[in-house]
Amino acid sequence: MSIGNEWQQELIFPPAPEFTAQANAGDASIYATAADDYEAFWASWADRLEWFTPYNTVLEWNPPHAKWFLGGTLNVSYNCVDRHLSTHRRDKTAIVFEGEPGDTRSLTYAELSVEVNRFANVLKKLGINKGDRVTLYMPMTPEAAIAMLACTRVGAVHSVVFGGFSAESLRERSNDSGAKLIITADGYWRRGHIVPLKKTTDEAVAGCPTVENVIVLQRIGVDAGITMVEGRDHWWHDLVAGVSDECPAEPMDAEDPLFILYTSGSTGKPKGILHTTAGYLTGVTATTNYVFDIKDTDLYWCTADVGWITGHSYVVYGPLANGATVFMYEGSPDWGRTVGEGAGAAPGPNRARLWDIIERHKVTILYTAPTLIRSCMKWGEVYPQKHDISSLRLLGSVGEPINPEAWLWYHEFIGGKNCPIVDTWWQTETGAIMISPLPGITNTKPGSATKPFPGICAEIVDEQGNPVKDGQKGILVIRKPWPSMLRTLWGNDERYKQVYWSKFEGLYFPGDGAVRDDDGDFWLLGRVDDIMLVAGHNISTMEMESSLVEHAAVAEAAVIGKSHEIKGQAPVAFVIIREGYGPAAGDTEAADKLRAELKEFVAHKLGAICRPDDIILSAELPKTRSGKIMRRLLRDVAEGRVMGDTTTLADPAVVASLREKYSSDES
Ligand code: WT7
């Protein structure tokens, strides 16, 4: 190993021989085989799916447009459900659910099949046909998976909107996709409160001309206090009561749209990432099998919400395609059944909820996010130590770079020092895991996502697109197409080309910085664009700025992500107040009120996860002479650093005054 390479970690954790002996991927030669002929590698995974008609062409690549497994037809719900019914998995548990109040439910594959078939018939009854778009705004209950699978069964394109998003976000996304139907619930439980999904849906649908019907799942009951609109709103349970439990799975072309999922763009509106049928299913099937080493004996728990790509690929499609048993939970990790008070105990604050669940259900694989691991670390190991979590055999991390301290804590206190950790780098756009250890093969290092998955050609280049030497920081790119890659942005192919393929000719640009060490291991360095990773959620600084300037008092806004111990990054907004709206000098009460109002304004517009941590009311923003806001300097101010280079500033005094402001305004 070379000396002086700051990315080279000396800490190396080789896989345990016992793990390797039983691993789905235990032989390192798969890397060479896949590199030799990546099309053949992916085809071998596609061949594990059940096809109605076999494909005849593995890949057609007209950069930047890829088509995989052409000529084939298949159905995703058939592959995730029906396929298992003629095997030993028929009566195997598919989904185990635990709600915040402590209610539990489980469904076998046979039972899941009945629910999916019925709900697919409901969709048909409401006039949903192949190619129609359906918005899901759902709680984390089995019905979220059932609704997704039912859409795929009839060939409808689902667009799941995270249940924490605002009415405006829901409206914008439903309108962009042209959804005919919204599926929601009366609400769900989170930290003792009801999140009013239906009320928010009502607010959104008022501005959604294409939406004809709303299906409402009853999760809460009378307490939800909702009203049903005659002719438009239907209870889920009423609709399924009257339909058959057999609905033939629609044969879909390999490249037929499967789902749209919106993600933040660095400029303008959210981007509707489009995934298609066969390639996506192939990618998530392969990665779930190899990275999570899924076995029939596992109880697999990915803590992500179905509103994110992680929930799509690794709560629903990847695990079910592998016939796994999946655990799903409602609520939050620090609120649940109170320990030691029995099953009937009222839920309340409980920082041991995850460990309590793992102990009672005997979870074997846990896949979660660094932000959550850091919170648990802050709360202390006393919480996991109260529980027997020795059923765990594999741990995963996703969403942002995991800092070595958090990795080591996860390894020691959750993994009991004998669970491999897979730090998985990927994106909404990539559909499936791209860089990750294979737990039976790879030497892991705290903080490194290690190696590209077999068949994935990842490289690091400089600003000109030339490969950099190992040890040198650069920009991550993907050189060859892969089956689960996004196909385009819904309704905006130009933007697809511009965002992902225009930075470097013929190379996919994910927007992340990276460096590779001498062992060929990748270390991800965070975003190189204007996207923040707040608690692992991708949030656009632009989107927050546009929403701030919609407030009457705001003339101009600049948002940056400042480093945050738990969340990774936290949004901080610097705003210039319009003349006549600002609090009088020295009136701190009025200033506090305005800051609180602006925070609320953004949270209402974009959803609570976009609420700025700090708002700095300012007279000016640091700008270059060409008028570009110097975010780097704002970051310096927010993080209390010594000022960076200010030589290109139009007015260097601005930063000094901002710094002064920041220390007084910080709340
Ligand atoms: C961005 C994608 C993939 C599902 C969750 C987020 C960052 C994700 C890692 C990781 C370092 C990571 C990247 C990426 N990211 N996983 N293991 N190490 N960074 O999906 O919302 O599409 O965000 O999350 O910056 O580009 P997303």
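**Cavities, a pocket and a ligand site**

The largest cavity holds about 50 Å³ of space. This is a predicted model, and a search of the whole structure turns up three cavities of 30 Å³ or more. Around the largest cavity sit Asn-75, Val-76, Thr-152, Gly-155, Ala-156, Met-252, Pro-257, Leu-258 and Thr-277. Sorted by class, that lining comes out as five nonpolar residues, four polar and no charged.

Next comes the second largest cavity, with about 40 Å³ of space. Its lining is made up of Leu-354, Trp-355, Leu-366, Thr-368, Leu-372, Ile-373, Cys-376, Trp-409, Tyr-410 and Ile-414. Two or more of these residues come from each of α12 (353-361), β20 (365-368), α13 (370-379) and α15 (404-414). Nonpolar residues account for nine of the lining, with one polar and no charged residue alongside them.

Pockets are another matter. The second largest pocket contains about 810 Å³ of space and has 31 residues in its lining. Nearest to the centre of this pocket are Pro-401, Leu-525, Gly-526, Arg-527 and Gln-569. Strand β27 (522-527) gives the largest share of the lining, five residues. At least two residues each are also supplied by β28 (531-534), β30 (554-564), β31 (568-577) and α19 (631-638). The mix of classes here is twelve nonpolar, nine polar and ten charged residues.

Then there is the ligand. It has 18 residues around it, and Asp-423, Thr-424, Thr-428, Asp-512 and Arg-527 come nearest. Arg-527 thus turns up twice: among the residues nearest the ligand and among those nearest the centre of the second largest pocket. Asp-423 places a polar side-chain atom 2.7 Å from a nitrogen atom of the ligand. Oxygen atoms of the ligand feature in two further pairs: one lies 2.6 Å from an N or O atom in the side chain of Asp-512, and a polar side-chain atom of Gln-427 is 3.0 Å from an oxygen atom of the ligand.

One more residue deserves a look. Ser-332 is found in the loop between β17 (325-329) and β18 (335-336). Ser-332 counts as buried because its relative accessibility is 1%, and the cut-off for buried is under 20%. Its side chain makes a polar contact of 2.4 Å with the side chain of Asp-334. Beyond its neighbours within four places in sequence, Ser-332 is in contact with Glu-100, Arg-190, Arg-191 and Arg-353.

Definitions and conventions. Residues numbered from 1 in each chain as written. Predicted model: local features only at pLDDT ≥ 70, side-chain atom pairs only at ≥ 80, totals over all residues. Heavy atoms only, no water. 1 Å grid on protein atoms, 1.4 Å probe; cavity = no way out; pocket = protein on both sides within 12 Å on 5 of 7 lines; lining within 4 Å. Points joined across faces, edges and corners; volume = space filled by probe spheres on them. Helix = DSSP H or I, 4+ residues; strand = E, 2+ residues; numbered from the N terminus. Nonpolar A, V, L, I, M, F, W, Y, C, P; charged D, E, K, R; others polar. Buried < 20%, exposed > 50% of the residue type's maximum accessible area, 1.4 Å probe, protein only. Polar contact = N/O pair within 3.5 Å; in protein donor to acceptor, adjacent residues only side chain to side chain. Contact = heavy atoms within 4.5 Å. Near = heavy atom within 4 Å.
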